[in-house]
Amino acid sequence: MPELPEVETIKGDLEKTVIGKKISRIEIFNPKVIRQPQAAEFKRSLTGLRVKRVLRRGKLLILELSNAKFLTVHFKMTGQLVLRKQEPAGERKLPDAGSKKSITRVTFYLDPGLALDYNDLRLFGELRLIDDWRKLKFIQELGPEPFGLSLTDFKKMLAKKKTKIKPLLLDQKFIAGIGNIYASEILFRSKIDPQRPVHDLSPLEQTVLYKEMLKVLQSAIKHGGSSVDDYVRVSGKNGDYARFHQVYGRNGKPCLVCRTPIKRIAQGGRGTFFCSKCQAVPSSGARKENPR
Ligand SMILES: [Zn+2]
């Protein structure tokens, strides 16, 4: 599922390509992904509008349109936005959008010359055309953006929590945009066991966690996100960050720091990857700077 770095990458890709373009035509191959309004109304209302701005909040992508309405894209499990050149009528060679094999659910024709396909293998994604994205219920419940958050506020937020740290990082109401990949990577780099209760973290560990969270997310954005499942960039190419993963998807492989095999455990129905040695619970109080 695209997390903050992937959606931020898509945002950046679209900013370079679709701002000012006019939505001249829309084809809907599967109306299930259109949550609001009804498909016919969605098509009618969007046609003729231009893309004014691209925004992101948490894992939600938002296109601001020339009539001040918003097209929101929630990618969920397998959503993709892929930009291509418009083919002259009758020359469309792709898996016949609309055919059973195609995963293209909606195509936005953008004049001049482009077509933006919304692909979604499993159809969990959600497209909406709405007056104000800020009024979406899940947006109103969303926690702060990591990049807009101070260390002091982060520590205050942690102080109120009694859960384990990994599920907390995944909780969008706690902090926006972090998913399963980056939660595991952030905790590894912070040398914190994902099963630790939040109240057990020392002030130093909380500071390290905050800094590593920002560093990991920044680096992932810089490398275009992680293509581990269905995520691709707007160009259709893979993001590059998966090769920097130290624990995610590496169960059984040696830790890149200490050679201990990486463990995979289930937490809240999600796989958690960690090194039991590098992320061992410190025996007493504050963790030493360099245990080796
Ligand atoms: Zn290790």
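# Sheets, helices and two domains

User: In this predicted model, which strands does helix 1 lie across, and at what angle does helix 1 run to strand 3?

Analyst: Let's start with what sits under the helix. Helix 1 lies across two strands, strand 3 and strand 4. Taking the direction of helix 1 against that of strand 3, the angle is about 170 degrees.

User: How are strand 3 and strand 4 paired, and how many bridges are there?

Analyst: Strand 3 covers residues 51-57 and strand 4 covers residues 60-65. One pair to look for is Val54, which stands opposite Leu63 in strand 4. Another is Arg56, whose bridge partner in strand 4 is Leu61. The pairing is antiparallel, and the number of bridges is six.

User: Which residue in the turn between strand 3 and strand 4 has a positive phi?

Analyst: Those two strands make a hairpin, with two residues between them. In that turn, one residue has a positive phi of about 60 degrees, and that's Gly58.

User: What about the next hairpin: which residue in the turn between strand 4 and strand 5 has a positive phi?

Analyst: Strand 5 is residues 70-74, and five bridges join it to strand 4 in an antiparallel run. The hairpin of strand 4 and strand 5 has four residues between the strands. The turn residue with a positive phi, about 70 degrees here, is Ala68.

User: Can we follow a path across the strands? Starting from Leu63, what is its bridge partner in strand 5, and which residue of strand 9 pairs with that partner?

Analyst: Step one goes from Leu63 to Leu71, its bridge partner in strand 5. Strand 5 also pairs with strand 9 (residues 126-130), antiparallel and over five bridges. Step two therefore goes from Leu71 to its bridge partner in strand 9, and general background helps here: strands of a sheet pair through backbone hydrogen bonds. The residue at the end of the path is Leu129.

User: Which strands are at the edges of the five-stranded sheet?

Analyst: This open sheet has the order 2-9-5-4-3, with mixed pairing. Neighbouring strands in it are turned by 20 degrees against each other on average, ignoring direction. An edge strand pairs on one side only, and that fits strand 2 (34-36) and strand 3.

User: Helix 2 packs on a sheet too, so which strands does it touch?

Analyst: Helix 2 is residues 39-46. Its direction makes about 55 degrees with that of strand 9. The strands it touches are strand 2, strand 5 and strand 9.

User: There's also a sheet of four strands. Why is one side of strand 1 and of strand 6 left without a neighbour?

Analyst: The four strands form an open sheet in the order 1-7-8-6, with antiparallel pairing. Strand 1 (22-28) and strand 6 (79-85) stand at its edges, so one side of each has no neighbour in the sheet because each has a single partner strand.

User: And which residue of strand 7 is the bridge partner of Arg25?

Analyst: Strand 1 and strand 7 (residues 104-111) pair in the antiparallel sense over six bridges. Within strand 7, the partner of Arg25 is Tyr109.

User: Which element gives the largest share of the side of domain 1 that touches domain 2?

Analyst: The chain is divided into domain 1 (4-140) and domain 2 (146-274), and their C-alpha centres lie 29 Å apart. Across the boundary, 18 residues of domain 1 are in contact with 19 residues of domain 2. On the domain 1 side, the elements giving two or more residues are helix 1 and strand 6. The largest share, nine residues, comes from helix 1.

User: How do helix 1 and helix 7 cross, right-handed or left-handed?

Analyst: The axes of helix 1 and helix 7 (residues 203-222) come within 8 Å and cross at roughly 40 degrees. Leu4, Pro5, Glu8 and Thr9 of helix 1 meet Leu217, Ala220 and Ile221 of helix 7. By class, that contact has five nonpolar, one polar and one charged residues. The crossing is right-handed.

User: Stepping back, what is the radius of gyration of the whole chain?

Analyst: The chain has seven helices and 11 strands. For 292 residues the globule rule gives 19 Å, and the chain's own value is close to that, so the chain is as compact as a globular protein of that length. Its radius of gyration is 21 Å.

Terms used:
Residues are numbered from 1 along each chain as its sequence is written. This is a predicted model: local features need pLDDT of at least 70, side-chain atom pairs count only at pLDDT 80 or more; totals for chains, interfaces and linings use all residues. Two strands pair if DSSP finds at least two bridges between them. Domain bounds come from an automatic or database domain assignment. Two residues are in contact if their C-beta atoms, placed from the backbone, lie within 7 Å. Axes are lines fitted to C-alpha atoms, for helices over the stretch in contact, and angles run from 0 to 180 degrees between N-to-C directions. A crossing is left-handed if the near helix is turned anticlockwise from the far one by less than a right angle, and right-handed if clockwise. Ala, Val, Leu, Ile, Met, Phe, Trp, Tyr, Cys and Pro count as nonpolar, Asp, Glu, Lys and Arg as charged, and the others, Gly among them, as polar. The radius of gyration is taken over C-alpha atoms; the globule rule is 2.2 Å times the number of residues to the power 0.38.
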